[in-house]
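Welcome, and please have your viewer ready. We will make a few stops together, selecting one piece at a time.

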Amino acid sequence: MDESGQDRVSLLAALQATEGGLTDAEARARLRRFGPNKITFHRPRSPWRMLLAEFTALFPLLLLAASALAFLAHRLRPGGGYDLIAAALVAVVVLNAAVSFLQNRKVEKLMISFLDYIPKRVALLRDGAQVIRDAGQVVPGDVLFIQEGDKVCADGVLLEAQQLLVDESVLSGESEPVDKAALADRVAPDRQVRSGSTVLKGSGIVLVTQTGRRTGLGAVSELSQGVRQDLTPMQKELRTFVRRITWLALAVGGVLFAAGVALGNPFWTNLVFAIGIIVANVPEGLLPTVTLALTQSCVRMGRRNAVVKQILSVETLGSTTVVCTDKTGTLTRNRLHVETLFVNLEEIGHGERERLARCPAGRPLLEIMGLCNDVIATAGPDGRPSFTGDPTETAMAEFVERETGFAALRGRFEPVGGLPFDADRKYMTRTHRTRGGALYMTVKGAPEVILERCVRVHAEGLERPFGPAERERLADQATAYAGHGLRVLTLAYRVATAPDQEPDDLTFVALVALVDPPRPEVPAAVRACKAAGIRLVVMSGDKAETVAYIARKLGIVDNPHVIVGDELAAMDRDTLAATLREREVVFARIAPEQKLDIVEAFKQMGEVVAVTGDGVNDAPALKRADIGVAMGLRGTDVAKEAADIILLDDNFATIVNAIREGRAVYDNIKKFITYILTSNMAEILPVVAYLLFPIPLPITIVQILAIDLITNMLPAIGLGNEPPEADIMRRPPRRGGERLVSWRTFARGYGIIGPAEAALSFTVFFAVLSGGGWTWGAPLAAGTELYRQAAGGFLATIVFCQIGNVMACRTNRQSAVPHLARPNPWIWAGIALEVGFIGAVIQVPSLRAVFSAAPLPAGVWPLILLAPPAVFLIEELRKLLVRKGMKALAA
């Protein structure tokens, strides 16, 4: 027995298998031992757990705590409206949870619908006979049959292989398919098949060695599921904001409680007012407004074929500083095409159809491409031919179809024989009979093999002898193409004497350079990312030359510094960090865990990292990144499960749209937080004044609720839907230390605009009281007409101040004057609601009692109507001073 036979016997013995396959009884025993041949790409989440999670985040907990305090205040002093505010806070949390839960549940159902990666039925050898079984029943030791078009369901060793060509790009990132050989072939480098790969051509018999989670596909799936995920930038910012607003509310409440005690007020009175101040500081409308803004952003992304699995993910893309991207299937189409021809001893590039049409060697070039080709042509849905088979041959067939028609060309010749491609020979031949009866042999193969067999060259429409200088020139040209990552084949022909004779005495026609081309939308997306200050880093399992060529062609780098897997493995953490600071670095021939190392290193450097990919080898990095983006059409289930966003149309340009959307969402959330915080001060100061001075309570708890949950809500949503500013993709990413809600934002709301709103409202309040005969220190019952007029005037002034505030908040630093006429239906609807609400509570008798309001004296309306422009001008002045201060610092 020879050595290969011994290997076969040893392998069968190690797996306790036989040439005739397992028995059904043994297969059932192994199924119990090893488990089903299944990989859990996505662990479905319980709807109840998903719903519960909506109530346990920090912000909902803050609102629920405020609700509990309000209920306590109601128990201590019934009739003060605290029961209404407590109920409203609970309602806000429930409504927010419902909106967020429905969005997440929708995505969860979509994820479950994706899970169809492992084939359902496979052909096995059981009890000596071929049977069809569910793929989940495959066990180690089974003999599995595979053929063209099959997706391999387990890892194994090839016992037999007939011209087997397998696509492993989703596992390795290698764009070119892999020739496979049987165990008996001692020369062939690859005699194994892996779960998740696809058979492009040929057939084989596989002895299964590993199934389920023990396969390479399963190992990467487990690795990705074990990767921890950090909080998103927005989650971190909201957590910081909640902490700040909580401490601020407690501090203000504590100070006022102490002040009340010092003034000699009763303990329970002080406690109730302190609780009121704490509750008033909580921005009740912020949580639903943030959720609605993010949800609407997700809906807009959905219209662009992007599924957002977590609503906060859109904003995360907006803060991205580095995009680490796979090459195959992400930047490129994962489908070879003819990039360059060297024909008639000159180069013709892709798309130069007129030059090719004039080329004297164009006819034999197309004939060899079309005839020396084993693709299967079928009619596509649109009636055009669709080709399946070897990717190289498919690319040539598509080229012929575009230039002259594949079927029309082949119809002029009768196939009579040829030699199939062989990994040892490195060429294939096909012989056809012409209409004149001659035998026409067409040949394609490796340049180093075919050029040595050529004795003539087809140039200028003639055949002439092929000299050593021309042979050397063509060899150098082929080497140059290969050095740029292109796949190079040589085309030649001869008049044959027998159908299957050896291809000698050939006439050279062309070098054909093929490449997996960039997706058409990628170059513009790369330019947009660069303009936005976002760095792109290619990390691929493909060979170094190809990665460098694609990165250079797309403009990602100019002079790529390629780091291959072995070099990366030898780097320590500091060396890797220093390497990543190089702007021209790209990565090739790297393993999934090395992609994970690169992402981790970037994150430790303080970068916000997005990862794009479609393969199994991308999944761990997708999971560890701040934001993972998977391709939906070609992406594997492992990649889709690990990602935060799924591009249903695989359009890389959608990432740029998502970044724009994310930046706009961040800007808009900042705007409406600024807007909402301003009215807080105008709500707190009247309560403080009532506690410290002998005046009637200027604003009631019900009126505070009305401002926070009725009049403020629509304008805030309008700010959340402001279109992106024109320069949003020309700005650099925001700095890591930049806060969503900075102390400057608090200073604006609590130190400038908020007190201005309170001052204007107090002016109207005291104007009404004075006009009605009230004097300082005199008691005034809450049910009197004068009190309701004064309290209604205070409420109306705050609401009208917020009209000026919302228009001022449409920009952060630039003047908002040019934006006043810019259409935003939400804002205009919100302003209409504010005006209509004030009119209703003042004029409708049934609402007057609820909101403590009454018709106002005509003399105070000019003051109220001046409030919006006054607030707007104060904010414009503040922005002007900020801009001048920034210019002074820059100078």
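The tour below goes from a sheet to a pair of cysteines and then to two loops.

**Before you click**

This is a predicted model, in which local features need pLDDT of at least 70 and side-chain atom pairs count only at pLDDT 80 or more, while totals for chains, interfaces and linings use all residues. Residues are numbered from 1 along each chain as its sequence is written, and side-chain values use heavy atoms, with hydrogens and water left out.

**Stop 1: the sheet**

Start by selecting residues 306-308, which make up strand β8, and residues 535-538, which make up β21. Strands here are DSSP runs of E with at least two residues, and helices are runs of H or I with at least four, both numbered from the N terminus. Which strands lie in the sheet, and in what order? Reading across, you meet β8-β26-β25-β24-β9-β21, six strands in an open sheet with mixed pairing. Two strands count as paired if DSSP finds at least two bridges between them. β8 and β21 are the edge strands, since each pairs on one side only. On average, neighbouring strands of this sheet are turned by 20° against each other, direction ignored; the angle is taken between the N-to-C directions of lines fitted to C-alpha atoms, on a scale from 0 to 180 degrees.

Now select residues 322-325, strand β9, which pairs with β21 in the parallel sense over four bridges. Look at T325: V538 of β21 stands opposite.

**Stop 2: two cysteines**

Next, select C372 and C454. A disulfide is a covalent bond between the sulfur atoms of two cysteines. Here a disulfide is counted when two cysteine sulfur atoms are within 2.5 Å, and the count comes to zero. Why is C454 not bonded to C372? The sulfur of C454 is 13 Å from that of C372, its closest cysteine sulfur, so the two are too far apart for a bond.

Are these cysteines buried or exposed? C372 is buried, at 0% relative accessible area, and C454 is buried at 0% too. (Buried means under 20% relative accessible area, exposed over 50%, and partly exposed in between, with a 1.4 Å probe and protein chains only.)

**Stop 3: two loops**

Most residues other than glycine have a negative phi. Select D505, in the loop between β19 (487-496) and β20 (506-515). Its phi is positive, near 55°, and D505 is partly exposed at 37%.

Finish at R589, in the loop between β23 (585-588) and α22 (592-604). R589 is not a glycine, yet has a positive phi of about 55°. With 43% relative accessibility, R589 is partly exposed.
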